[in-house]
Amino acid sequence: MELVQKPLLRALSGEAVWPPPFWLMRQAGRYLPEYRQLRAQAGDFIALCTSPALAAEVTLQPLRRYGMDGAILFSDILMLPWALGQSLRYAEGEGPLLEPIRDAEAFARLDPSGVANRIAPILETVTRVRSGLDQEAPKAALIGFAGSPFTVACYMVEGRGGGEFAHARRMAYSDPALFGRIIRLLVDSTIEYLLAQAEAGAEALMLFDSWAGLLPPIQFRRWSIDPTAAIVRGIRKVRPDIPLIGFPRLAGPLLPEYAARTGVGTVAMDTGMDPRWAVANVPEGITLQGNMDPQALVSGGDAMEAEARSILAAMRGRPFVFNLGHGIVPPTPPEHVAALARVIRMG
């Protein structure tokens, strides 16, 4: 099947497909009972991410249930610092825990030469998923992804998730030289990582800048827009035609500038973005993605349907991919996802 026939790739290439294609951030995960079974089988989250057979199965599970137009690789944005040699573990109830990088000595212990070997199982997962889609869902496209440098650096410096990432943000002000070295390493490693995913079979690539909204405008331009633009340039040199999606969460009025300056072809809107404002202000050649509140999906019923229809009405005639404004949360009833899929398919 030609790639251009896939609805998601058509939309990401700037075509106003209707009804719009859809996929959901974190669509493979804890809200699905079949995921919880495999997670228990793997034992450890990193083991799950680096077990190609299990990770591929997890990636495909929501496609079998709901028939999404996109499958996103099951992995985690922190697999890149892990591949760089930073210690990483996931503690129940605490999330990711890393050895913080707070000085040049800690930074020097990172080893970019080891990335290729450590990401090999993830790339095998990409290949397996692509093969599975070709057999089971030939109209669905495979999305590879990575974290954007600022967001990944937040975890690397802070050593954990949650909170306001005060150490990382202070380093950006007080020691911009060291913070810049971390960002440059992440730019180069992310280009390598995403190109490898594309080579393994990913048909589109997404950059998650989940914490970009913590930055004031000057810092946002320096640490979110500029590194993302550098990654886009690096990918375009090798894969000029692969669709690229950027998600600068909580960018607010800086979203149009992010869209124009980074070079991504699609920008994802977070829950707080008014879709009508985005349509009016984001350059017309940019595809929009988003942005239903994940809590509306938990609630379901008439409220969820009204929210979905409001977004659809705002986006009609625009190149658009229906999604959430952030990831699915664990309490989400699977039947609500099925109901949302029906609403989207009706347009």
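A residue counts as buried when its relative accessible area is under 20%, as exposed when it is over 50%, and as partly exposed in between (1.4 Å probe, protein chains only). The model is predicted, so local features need pLDDT of at least 70 and side-chain atom pairs count only at pLDDT 80 or more, while totals for chains, interfaces and linings use all residues. Residues are numbered from 1 along each chain as its sequence is written, and side-chain values use heavy atoms, with hydrogens and water left out.

**View 1. R10 and E15 form a salt bridge.** A salt bridge is a side-chain nitrogen of Lys or Arg within 4 Å of a carboxyl oxygen of Asp or Glu. In this pair, the closest N and O atoms are 2.7 Å apart. Is each partner buried, partly exposed or exposed? R10 counts as partly exposed because its relative accessibility is 27%. E15 is partly exposed too, with a value of 36%. How many salt bridges does the whole structure hold? The count is 16.

**View 2. The salt bridge of R64 with E136 joins two helices.** Helices here are DSSP runs of H or I with at least four residues, strands are runs of E with at least two, and both are numbered from the N terminus. The side chains of R64 and E136 meet at 2.8 Å, N to O. R64 sits in helix α4 and E136 in helix α7 (residues 115-136), so the pair links distant parts of the chain, 72 residues apart. R64 is partly exposed at 40% relative accessibility, and E136 is partly exposed at 46%.

**View 3. R261 reaches D226 in another salt bridge.** Here the closest N and O atoms lie 2.7 Å apart. R261 belongs to helix α12 (residues 255-262) and D226 to helix α11 (residues 217-238), with their positions 35 residues apart in the chain. R261 counts as partly exposed, at 40% relative accessibility, and D226 is partly exposed as well, with a relative accessible area of 34%. Elsewhere, look for K6, R130, D134 and E203, which salt bridges link into a network.

**View 4. Helices α4 and α7 cross.** Their axes, which are lines fitted to C-alpha atoms over the stretch in contact, come within 8 Å and cross at roughly 40 degrees. Angles run from 0 to 180 degrees between N-to-C directions. The crossing is right-handed, meaning that the near helix is turned clockwise from the far one by less than a right angle. On the α4 side, the residues making the contact (heavy atoms within 4.5 Å) include P52, A56, L60 and R64. From α7 come, among them, P121, T125, V129 and E136. The residues of this contact divide into nine nonpolar, three polar and four charged. Ala, Val, Leu, Ile, Met, Phe, Trp, Tyr, Cys and Pro count as nonpolar, Asp, Glu, Lys and Arg as charged, and the others, Gly among them, as polar.

**View 5. Q61 is a buried residue of helix α4.** Helix α4 spans residues 52-66. Which residues does Q61 contact, leaving aside its neighbours within four places in sequence? They are L32, E34, Y35 and L38. Q61 counts as buried because its relative accessible area is 5%.

**View 6. M206 is part of the largest nonpolar core.** A nonpolar core is a set of buried Ala, Val, Leu, Ile, Met, Phe, Trp, Tyr and Cys residues joined through side-chain atoms within 4.5 Å. This one has 134 residues, of which F179, M206, M292 and F322 touch the most other members. Helix α10 (residues 176-200) gives the most to the core, with 14 residues. Setting aside residues up to four places away in sequence, M206 touches ten named here in part, including W23, I143, F145, F247 and Q289.

**View 7. W18 and P19 are joined by a cis peptide bond.** Omega is about -5 degrees at this bond, and P19 is found in the loop between α1 (7-12) and α2 (33-42). In that loop, R26 has a phi near 60 degrees, a positive value in a residue other than glycine. R26 is exposed, with a relative accessible area of 51%.
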